[in-house]
Amino acid sequence: MKILIIEDENELADSISEYLSEENYLCEFARTYNQALEKIESFHYDCILLDIMLPDGNGMNILEELKRQDKQDGVIIISAKNALDDKIKGLQIGADDYLTKPFHLSELAARIYSVIRRKQFGNSNTVRQNELEIDLLAKTISVHNHPVILTKKEFDLLLYFVGNKNRVISKSTLAEHLSGDFADMLDNHDFVYAHIKNLKKKLSEAGCESYLKTVYGTGYKWEG
Amino acid sequence: MGRMNKLLNKSLKSFTIYALIVLATSVPAYYYLVDSIWLRELDEHNEIVADRTENELNKLELTVTELNQSIVLWNKIQPGTNLQKTTLDKNRKDSTYTVLRKNPYAAHEDIDRFRGLSRVIEINGEAYLLTVETNVEETEETVVAIAILTFFFFVILVVGFLILNRRLSVKLWQPFKNTLTRLKAFNLNSQTSITFENSNILEFQELNEALNKLIEHTISVYKTQKEFTENASHELQTPLAIIKNKLDILLQKETLTDRQYQIIEDINKALTRVSRINKNLLLLAKIENHQFDGSEIINLSELIEQCLEQFKEHFANKKLSIQTEIEKDFFITGNKILIDILISNLLLNAIRHNSQNGIVRISLSKTGLFISNSGMKALETENLFKRFKKHSDQSSGSGLGLAIVEQICKRHQWTIAYEFHQETHTFKINF
């Protein structure tokens, strides 16, 4: 899987690439607007991470260029701006997702995973891991071909883990993912534990192997 | 404000006092002038009378007896003059004097003033002392007459001042008033400069120019400051993102111990708080800069229900019971994102500052939106909506939640009030 990281901040680009390259993602970089234009013209990427604030141009134009060239690359905008009209405009022009800095790499990985799956597998978008089958479109799962009913949040968590296979994800990261902006306002993150406990229970009752491991006391890791 | 005086009234007062002093001092001056003219003229008159008397008597060429008889008669019928034989030297200098005496002929008991001249005259070779006295206006009467006249002119002056003042204050101060009206209407938040009318009066023109300069400077400082908040927040996003991402990578190291994991987790939590404060500062700056459109029509009832749904698990987590009394399909006009933030912030506060097994009550009707929760003691109302004022000893929270709530209310021209009653905190919003 090829990813293009259009980001002028080297440290940020390096971190993203380091995190992603452990999965079978191959990352390429574009530090400037012009470099980015060159790359998208000559190559195809499975997903493009686009910082819309570049020193020599507006990332929105890259998005427009992609659309003009009728490219099917998935695009996730990463921006320091939380401006809603940017978000709406970006999604209208054809971006698949929008992420505001600062974000967790696991959050980014989960979104890249979803975008690529959606782009490439279209109508039959199912993920398999041995006995576990996840239908990303219908948002249902089955174990040994028997459906297991998950709540919205449990399904969301499961997808997050699958998008971050073999990575340690801390409880606070999950809390941020689940409660959005408000995580730090909540005095405890026990609600994360409650959801995970339920998810684990439902999976094991259906006869699924325990792929979800607890590490360091409060961290989690999906093995697969 | 104490008693305020108009500027022109102030100068009017000074002018009036000055006129009063000048006119008052003019009274004795006029008196001395008039009096001395009086006396000089009378002295002249007396001298003429004396000269004539001397001449006429000599011309008659009377005999001694006739003369003596005439003098007796003279002294009887010519009051005010007196002729007597004298031993005084003929060349004695004339003497003049002023005397106050009762007038025996006047009906009223009055003392009159007389100006007299005594002169030695020669009739038929003999020396006689002639005194001539003429009534002269009394001192008091002169003073009173002058004072009355002066006072009359003083009144004319003051009335004139008042009329002029009224006309001038309208006319002269018109440009000043124009400037003032514009200044009063000026709002720094709107960031639009004022244009003053040109005046052909130097002072006002200078004032307008100085004000223009001041306003432009203020606007630019204000803008810079706002931009600073916005830019600072923006600039912080990237380093925060780098720290966050590096921590995520560190978390994947296989040699990590439980203790190290915990440290990373603590940093993560602090970092999330910093990010939130940063975002909230940005949000505040944007609200203040009117960067949010406010013309959407929103079903507030639905929005509140959605927020409640979002926080359901957190209510359950603290075993809070929710009592709602929400009018169906309550529509308001505003900005959806902001109103969502407003409700979320108030609900989050109601959850966070609640006791275990407490109550959260939400009611929405025409009287307003009420969000209440159980609590032990009243919050300090004075700084409640100020930035970074902590109202509890809980360490989490950005310290900006209520400031944002207040700003959002202001943006929509709603009022928000807080009260504590029967161990319940209540925030009330009037639409």
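**Exercise 1.** Describe the make-up of chain A in this predicted model, beginning with how many helices and strands there are in chain A.

*Solution.* Counting the secondary structure comes first: chain A holds eight helices and 14 strands. The next step is burial, and here 41% of the 224 residues in chain A are buried. Finally, take the contacts in chain A with a separation of 6 or more: 59% of these join residues that lie 24 or more positions apart.

**Exercise 2.** Locate the largest nonpolar core, find which helix gives the most to this core, and then follow the contacts of Leu50(A).

*Solution.* Begin with the core itself, which has 55 residues, and in which Ile6(A), Ile16(A), Leu49(A), Leu50(A) and Ile76(A) have the most contacts. The helix that contributes the most to this core is helix 5 of chain A, residues 105-121, with seven residues. Turning to Leu50(A), and setting aside its neighbours within four places in sequence, one finds contacts with Ile6(A), Gly59(A), Ile62(A), Leu63(A), Val75(A), Ile76(A), Ile77(A) and Ile78(A). A second core, separate from the one just described, has 34 residues, including Ile287(B), Ala350(B), Ile351(B) and Val360(B).

**Exercise 3.** Work out which residues and helices form the contact between chain A and chain B.

*Solution.* Chain A brings 35 residues to the contact, and chain B brings 34 residues. On the side of chain A that touches chain B, at least two residues each come from helix 1 (10-21), helix 5, helix 7 (171-179) and helix 8 (190-205) of chain A. The largest share of that side, six residues, is supplied by helix 1 of chain A. Sorted by character, the residues on this side of chain A are 15 nonpolar, 10 polar and 10 charged.

Conventions: Residues numbered from 1 in each chain as written. Chains lettered and ligands numbered in written order. Predicted model: local features only at pLDDT ≥ 70, side-chain atom pairs only at ≥ 80, totals over all residues. Core = buried A, V, L, I, M, F, W, Y, C linked by C-beta atoms within 7 Å. Buried ≥ 20, exposed ≤ 12 C-beta atoms within 10 Å, placed from the backbone. Helix = DSSP H or I, 4+ residues; strand = E, 2+ residues; numbered from the N terminus. Contact = placed C-beta atoms within 7 Å. Nonpolar A, V, L, I, M, F, W, Y, C, P; charged D, E, K, R; others polar.
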